[in-house]
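Please look through the sequence and the three-dimensional model below before reading on. The paragraphs that follow begin with a single strand and work outward to the sheet, the helices and an enclosed space.

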Amino acid sequence: MLYYRQVGHQAEQGRVPAEEPEAASGNFLCKGLALSVLSIHIDESGNLNLSNRQNPTYCLTMVFHNQDEDISSELQFLNKRLSDINCDVPFIHTSPLIRQDEPFEDLLMTDRMHIFRIFSRFVEQLPITYTSFSVTKTFYQEDKQIEEAFRHQIRNFIEDNLEYFQSFEKITVYYDCGQSIISKILRDTFGKIFGSRMDFRTAYQKDYRLLQVADFICTLEQSKIRWDEHRPTKSEKDFFLTRQMFMKNFYKKISRKHI
C-alpha cells in the first residue's frame, strides 16, 4: 500500500488565503469525532474528443491532500516571493506562462522563468501527492472507446488504492467541469464506489492555489510526453531549452510526489 502525504485544504480568494466555510474551524465533526476529509483537486490538458487532433494526448492530474494538514506557511512563502518580484497576476496559469500569453505577454523570459521557479519551489514544499492519467487518441476509432479506456484507468486506480480512500470519512473532488464527459466519469467512478461520502464541487483555478498546482503538474506531465516523443512545442524549447534541462531542473523534482 502506498504511503500518502497530503496537504490541508486551502482556498484563496484573490491574494488572501481563505478556507472553505466548513473547514474554518480546522475540524470536521461527526457524532462528536473529528471527520477526516480527503480533497482531490483536478486539472486537465487537451480533450477526449477524437475530432480534435491538435494534441494527440489527453492528460488529467489529481492532486491529493488531507484537510487536517496545514499549508498556510507554504502559501505565505509563495505570496511573499511573488510580491517581492512585483508579480500581480490574479493566479498562476502555467501554459500561458510558458507560451508568454495573457496575462504574461509583457514579461521577459527571465521574469517568466523566475515566476515558474518560485511556483515550482512552492509545489516542492507542499506535502502533497498526485497521480496523472493519459490516453493517446490515435489508438482509438470512436469517442466511446477512448472514454471507456479513460474510465477504466481511473476506476483501476481507485480500486488499487481502495484501502487508502476508505480511511477517509469524506472525499471532496474539485474540478472546473471543463468537459462534461470528464465530469460524468469522475462522478460515476467516485460516486459509485463511495456513495454519500463523495462530494463533487465545481471550482476554478483563480480561487484555489491547489487547482493551480494541479494545472502546473498536468502541464509538466503533458510536456514530458512531448519531450519523450521528440515533439516539444517551440514555446517549450524556448523556455526549457533542452529535454535534459527540463527533466533535471523541473520534472524530476515534481515527480517525487507521484504515486
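Which residues of E8 lie on one side and which on the other, and are they buried or exposed? In this predicted model, Lys 170, Thr 172 and Tyr 174 point to one side of E8, while Ile 171, Val 173 and Tyr 175 take the other, and every one of these residues is buried, with the result that both faces of the strand are covered. Buried here stands for under 20% relative accessible area, and because six of the six residues of E8 meet that condition, the strand is largely enclosed by the rest of the structure.

The pairing of E8 can be followed on either flank. Strands of a sheet pair through backbone hydrogen bonds, and they do so either parallel or antiparallel. Strand E5, which covers residues 37–45, pairs with E8, residues 170–175, in the parallel sense over five bridges; within this pairing Val 37 has Lys 170 as its bridge partner in E8, and Ser 39 has Thr 172. E8 also pairs with E9, again in the parallel sense and over five bridges, and there the bridge partner of Thr 172 is Asp 199. Thr 172 of E8 is thus bridged to Ser 39 as well as to Asp 199 in E9.

Seen as a whole, the sheet is open and consists of five strands in the order E7-E6-E5-E8-E9, with mixed pairing. Strand E7 (129–136) and strand E9 (198–202) each have a single partner strand, so that, standing at the edges, each is left with one side that has no neighbour in the sheet. On average, and with direction ignored, neighbouring strands of this sheet are turned by 20 degrees against each other.

Two helices can now be placed against these strands. Helix H6, formed by residues 180–194, packs on the sheet and touches E5, strand E6 (57–66), E8 and E9, its direction making about 160 degrees with that of E9. Helix H7, formed by residues 209–228, likewise packs on the sheet, where it touches E5, E6, E7 and E8, and its direction makes about 140 degrees with that of E6.

What remains is the empty space. The count comes to two cavities of 30 Å³ or more, and the second largest cavity holds about 30 Å³ of space. Its lining is made up of Ile 42, Asp 43, Asp 176, Ala 203, Tyr 204, Gln 205 and Leu 211, a set that divides into four nonpolar residues, one polar and two charged.

Notes
Residues are numbered from 1 along each chain as its sequence is written. This is a predicted model: local features need pLDDT of at least 70, side-chain atom pairs count only at pLDDT 80 or more; totals for chains, interfaces and linings use all residues. Side-chain values use heavy atoms; hydrogens and water are left out. Two strands pair if DSSP finds at least two bridges between them. Helices (H or I, at least four residues) and strands (E, at least two) are DSSP runs, numbered from the N terminus. Axes are lines fitted to C-alpha atoms, for helices over the stretch in contact, and angles run from 0 to 180 degrees between N-to-C directions. Contact means heavy atoms within 4.5 Å. On a 1 Å grid over the protein atoms alone, a cavity is a set of points where a 1.4 Å probe fits but cannot get out, and a pocket is an open set with protein on both sides within 12 Å along at least five of seven lines; lining residues have an atom within 4 Å of a point. Grid points are joined across faces, edges and corners, and a volume is the space filled by probe spheres set on the points. Ala, Val, Leu, Ile, Met, Phe, Trp, Tyr, Cys and Pro count as nonpolar, Asp, Glu, Lys and Arg as charged, and the others, Gly among them, as polar. Buried means under 20% relative accessible area, exposed over 50%, partly exposed in between (1.4 Å probe, protein chains only).
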